[in-house]
Amino acid sequence: MIILPCFCSAQAYWLYQEAEEYYYGSGGRSQSYEKAFWLYKKAASMGNIASLRKIGECYRNGHGVDKSKRKSYIFVKKAADLGDTLAMVMLISYYLDGEGCKKSMKKCFKYAYKAANQGNQDAIDFLQQFSCYPHTEVLME
């Protein structure tokens, strides 16, 4: 039983890599957002967290799928809640602008701190800009 989860994880990783090649038109593949989106969905269904973020990016930009701020937010939040640091950084702007969700400085700072604690420089820079924000102490807990 241990082999199957490892196989699925490896297969999900390779599907994600293939999706990236289609998304960017690299590795000898022609750019195809539609193929990339389909492969991201397949990889995400097999447990690849980064694919959830990329699905959110596809919805955000209308790459291979109709634009949807709400769907973008949903997939990016799932990835962030599962530990994807880049998704956490994306949520900073989502909560700042109310993109697909309600504006929330508290949630914005929550994800900024999570990403910063994982060493993400963009999140660290963001928090340094708001060092005088009055509620930052509460969110550090």
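Visitor: In which element is K54 found, and how should I begin to read its setting?

Guide: This is a predicted model, and in it K54 is found in helix 3. A first step is to ask whether a residue counts as buried, which means under 20% relative accessible area; K54 counts as buried because its relative accessibility is 2%.

Visitor: Which residues is K54 in contact with, once its neighbours within four places in sequence are left aside?

Guide: With those neighbours set aside, K54 is in contact with Y16, E20, Y23, Y24 and Y40. One may also compare distance along the chain with distance in space: K54 and K41 are 13 residues apart in sequence, and their C-alpha atoms are 9.1 Å apart.

Visitor: How do I read the packing of two helices, and at what angle do helix 2 and helix 3 pack?

Guide: The reading takes an angle, a separation of axes, a handedness and a list of residues. Helix 2 (residues 33-45) and helix 3 (residues 49-61) pack at about 145 degrees, and their axes are 8 Å apart, while the crossing of the two is left-handed. From helix 2, the residues F37, Y40, K41, A43 and A44 meet S51, L52, K54, I55, C58 and Y59 of helix 3. By type, the residues of this contact divide into eight nonpolar, one polar and two charged.

Visitor: R53 is also found in helix 3; is R53 buried or exposed?

Guide: R53 is buried, because its relative accessible area is 8%, below the 20% cut-off. Apart from residues up to four places away in sequence, R53 touches Y16, F75, V76, A79, D84, L86, A87 and M90.

Visitor: What is the general idea behind a nonpolar core, and how many residues has the largest one here?

Guide: In soluble globular proteins, nonpolar side chains tend to be buried together. Here the largest nonpolar core has 39 residues, and those with the most contacts inside it are Y40, L91, Y94, Y95, F126 and L127. Two or more residues each are given to this core by helix 1 (3-24), helix 2, helix 3, helix 4 (69-81), helix 5 (85-97), helix 6 and helix 7. Helix 5 provides the largest share, eight residues. As for Y94, its contacts outside four places in sequence are G56, R60, S72, Y73, V76, E99 and C101.

Visitor: What does I92, which is found in helix 5, touch beyond four places in sequence?

Guide: I92 touches C108, A112, A123 and F126, and I92 is buried, with a relative accessible area of 6%. Between I92 and Y113, 21 residues apart along the chain, the C-alpha separation is 10.0 Å.

Visitor: How does one read a loop residue, and where is the place of N120?

Guide: One can ask about burial, polar partners and contacts in turn. N120 sits in the loop between helix 6 (105-117) and helix 7 (121-129), and N120 counts as buried because its relative accessibility is 12%. A polar atom of the N120 side chain lies 3.0 Å from the backbone nitrogen of D122, and, not counting residues up to four places away, N120 touches T85, L86, V89 and A115.

Visitor: How many helices and strands are there in the protein chain as a whole?

Guide: The chain has eight helices and zero strands, and 42% of its 141 residues are buried. Among contacts between residues at least 6 apart in sequence, 46% join residues at least 24 apart.

Methods. Residues numbered from 1 in each chain as written. Predicted model: local features only at pLDDT ≥ 70, side-chain atom pairs only at ≥ 80, totals over all residues. Heavy atoms only, no water. Axes fitted to C-alpha atoms, helices over the stretch in contact; angles between N-to-C directions. Helix = DSSP H or I, 4+ residues; strand = E, 2+ residues; numbered from the N terminus. Left-handed = near helix turned anticlockwise from the far one by under 90°. Contact = heavy atoms within 4.5 Å. Nonpolar A, V, L, I, M, F, W, Y, C, P; charged D, E, K, R; others polar. Buried < 20%, exposed > 50% of the residue type's maximum accessible area, 1.4 Å probe, protein only. Polar contact = N/O pair within 3.5 Å; in protein donor to acceptor, adjacent residues only side chain to side chain. Core = buried A, V, L, I, M, F, W, Y, C linked by side-chain atoms within 4.5 Å.
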